[in-house]
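Let's take a walk through this protein together, one stop at a time. Have a look at the picture first, and then we'll start with some side chains.

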Amino acid sequence: MRPRVVATALVCASLGLLAAAPGTGAAPPLPARMADTGGGTQLITAVAPRSGATAGTLTWWDRRDGRWVPAGSTPARFGAKGLVEGASRRQGTNTTPTGLYGLPYAFGIRPAPPGTSYAYRPVRQDSWWCQDNKSRAYNRWTEPRPADCRAAESEHLVTYRTQYAYALVIGFNYGNPVRGRGAGIFLHVNGRGATAGCVSVPAAAMRRLLAWVRPGKRPHIAIGTADGRTAITRY
């Protein structure tokens, strides 16, 4: 989703990142409280304090010996209009879709960081992400842009040199795209402010994530709020 320049403050939400210690009564780690984590042994959680927030916390987790352990955490940014239930989201609303999603592949204008094992697609001059609802290539990477995908309704990826230095595709509306629901939702590097629907983090965190994520561990990303109708624990 095309990033926009929207001023925002970074907010770090403390959401029970440490495993519960015996006898302390502390809450179990966040993934243990979720309805689903995708069945793998790696998980990324992106949590905002409320649905109207544009900033929150992104944490990545490993499942070890039957327990979820945090591997890293960083401030995150969301859509300029906050977060909304993924199943009811509409394209062009500048909202980040909540839900649990796969991570089809990574891409970037810059070379893959050292240690990257995930499928990593280099951005070229003719790399586009089609967001044209009338195109057969809707919500897909294209090289070159097909005739039925209008440039005004798509992203010329190389244009966003800061944001798409490194990125992971978020599998929102990806497997069987629903027209009008939204296209081009990524986990990418911060721009100057809130996003148009993606999740963004500092460049250093994005490099760490790409070196950490492993395809064999079936990683997913869960996006949601601390509580309420879009609480991340629902997914």
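Which side chain meets that of Arg 64 in a salt bridge? The partner is Asp 62, and the N to O distance in this salt bridge is 3.4 Å. Keep in mind as you look that you have a predicted model on screen.

How do these two residues sit with respect to the surface? Asp 62 has a relative accessible area of just 8%. Buried means under 20%, so Asp 62 belongs in that group. Arg 64 comes out at 47% relative accessibility, which makes it partly exposed. So here a buried residue, Asp 62, is joined to a partly exposed one, Arg 64, through their side chains.

That pair is part of a set, as the structure holds 5 salt bridges. Let's visit another one: Glu 85 and Arg 234, whose closest N and O atoms are 3.3 Å apart. Glu 85 belongs to strand β4, which covers residues 83-85, while Arg 234 is found in the segment that follows β14 (220-225). These parts are 149 residues apart in sequence, so the salt bridge ties together quite separate portions of the chain. As for the surface, Glu 85 is partly exposed at 23% relative accessibility, and Arg 234 is partly exposed too, at 46%.

Next up is the salt bridge between the side chains of Glu 143 and Arg 124, with 3.7 Å from N to O. This time loops are involved: Glu 143 lies in the one between β9 (140-142) and β10 (154-156), and Arg 124 in the one between β7 (120-122) and β8 (128-130). The pair therefore ties together parts that are 19 residues apart in sequence. Glu 143 has a relative accessible area of 31%, so it's partly exposed. Arg 124, at 46%, is partly exposed as well.

Now let's move from side chains to strands. Find β12, made of residues 186-189, and look for its partner β11, residues 167-169. The two pair in the antiparallel sense over 3 bridges. Within this pairing, Leu 168 stands opposite Leu 187 in β12.

What about β12 and β13, parallel or antiparallel? They run parallel, with 3 bridges joining β12 to β13, which spans residues 199-201. Here you can spot His 188 standing opposite Ser 200 in β13. That puts β12 in two pairings: an antiparallel one with β11 and a parallel one with β13.

Conventions. Residues are numbered from 1 along each chain as its sequence is written. This is a predicted model: local features need pLDDT of at least 70, side-chain atom pairs count only at pLDDT 80 or more; totals for chains, interfaces and linings use all residues. Side-chain values use heavy atoms; hydrogens and water are left out. Two strands pair if DSSP finds at least two bridges between them. Helices (H or I, at least four residues) and strands (E, at least two) are DSSP runs, numbered from the N terminus. A salt bridge is a side-chain nitrogen of Lys or Arg within 4 Å of a carboxyl oxygen of Asp or Glu. Buried means under 20% relative accessible area, exposed over 50%, partly exposed in between (1.4 Å probe, protein chains only).
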